[in-house]
Amino acid sequence: MAFNGLESAIKSAAPKRIRGRTSGVHVIRYANDLVITGRNRETLKEMRKILERFLEDRGLNWSESKTRITHIKEGFHFLGFNLRRMVHRGTRNKSSNQETVFMMKPSKKAIESLTAKISSFIQKENPIDMIVKNLNPILRD
């Protein structure tokens with residue numbers, strides 16, 4: 001709830017247009033995790049200042065180690081996924097004529113975590129019905 005109002009604060013401070021195009025400033029938020037998108041680094045630095053003031057007004061601060069400004073081609077992790085834009089190869093999307101395609105896949109950390117959970121249930125001495133009962137909730141999430 002502390003982040004409620006953040007989207008409108010960012011949107012109201014964001015420039016409407018940059019060099020004839022929309023600024024591309026958007027806020028994607030889930031609980032206390034968020035991503036702010038923008039067309040250029042300068043715009044994102046301004047949005048970062050807005051975010052800092054927004055948090056300070058509420059007595060909060062953010063983790064510098066978890067915060068960075070990056071190009072979408074470098075990618076970033078968000079909610080257990082790695083998001084990035086990659087050079088287009090016909091094997092990824094034959095119907096696209098773009099130079100790059102957007103890729104979203106589970107992060108290595110999320111895959112390792114899931115693998116560890118599954119491995120803890122699958123053991124020779126455990127009966128199959130118990131394995132299935134324990135794995136189903138994990139696989140549904």
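With which residue does Arg-29 form a salt bridge, and how far apart are the closest N and O atoms? In this predicted model, the partner of Arg-29 is Glu-7, and the closest N and O atoms of the pair are 3.2 Å apart. The structure holds 3 salt bridges, and the briefing below takes these up before turning to an open sheet of 3 strands in which the pairing is antiparallel.

**Salt bridge between Arg-29 and Glu-7**

- Arg-29 lies in strand 3, which covers residues 26-30, whereas Glu-7 belongs to helix 1, residues 6-13, so the salt bridge ties together parts that are 22 residues apart in sequence.
- Arg-29 counts as partly exposed, because its relative accessibility is 26%, and Glu-7 also falls in the partly exposed class, with a value of 28%.

**Salt bridges that involve helix 2**

- Within helix 2, which spans residues 41-57, Lys-49 and Glu-46 are placed 3 residues apart, about one turn of the helix, and their side chains meet in a salt bridge with an N to O distance of 3.5 Å.
- Both residues of this pair are partly exposed, Lys-49 with a relative accessible area of 42% and Glu-46 at 41% relative accessibility.
- A further salt bridge joins the side chains of Arg-48 and Glu-64, for which the N to O distance is 3.0 Å.
- Because Arg-48 lies in helix 2 while Glu-64 is found in the loop between helix 2 and strand 5, this pair ties together parts that are 16 residues apart in sequence.
- Arg-48 is itself partly exposed, its relative accessible area being 22%, where a value under 20% would count as buried.

**The open sheet of strands 5, 6 and 7**

- The strands of this open sheet are arranged in the order 5-6-7, and they pair in the antiparallel sense.
- Strand 5 (76-78) and strand 7 (100-106) stand at the edges of the sheet and have a single partner strand each, which means that one side of each is left without a neighbour in the sheet.
- On average, and with direction ignored, neighbouring strands of this sheet are turned by 30 degrees against each other.
- Strand 6, made up of residues 81-87, pairs with strand 7 over 7 bridges in the antiparallel sense, and Arg-85 has Phe-102, in strand 7, as its bridge partner.
- As general background, the strands of a sheet pair through backbone hydrogen bonds, in either a parallel or an antiparallel arrangement.

Key. Residues are numbered from 1 along each chain as its sequence is written. This is a predicted model: local features need pLDDT of at least 70, side-chain atom pairs count only at pLDDT 80 or more; totals for chains, interfaces and linings use all residues. Side-chain values use heavy atoms; hydrogens and water are left out. Two strands pair if DSSP finds at least two bridges between them. Helices (H or I, at least four residues) and strands (E, at least two) are DSSP runs, numbered from the N terminus. Axes are lines fitted to C-alpha atoms, for helices over the stretch in contact, and angles run from 0 to 180 degrees between N-to-C directions. A salt bridge is a side-chain nitrogen of Lys or Arg within 4 Å of a carboxyl oxygen of Asp or Glu. Buried means under 20% relative accessible area, exposed over 50%, partly exposed in between (1.4 Å probe, protein chains only).
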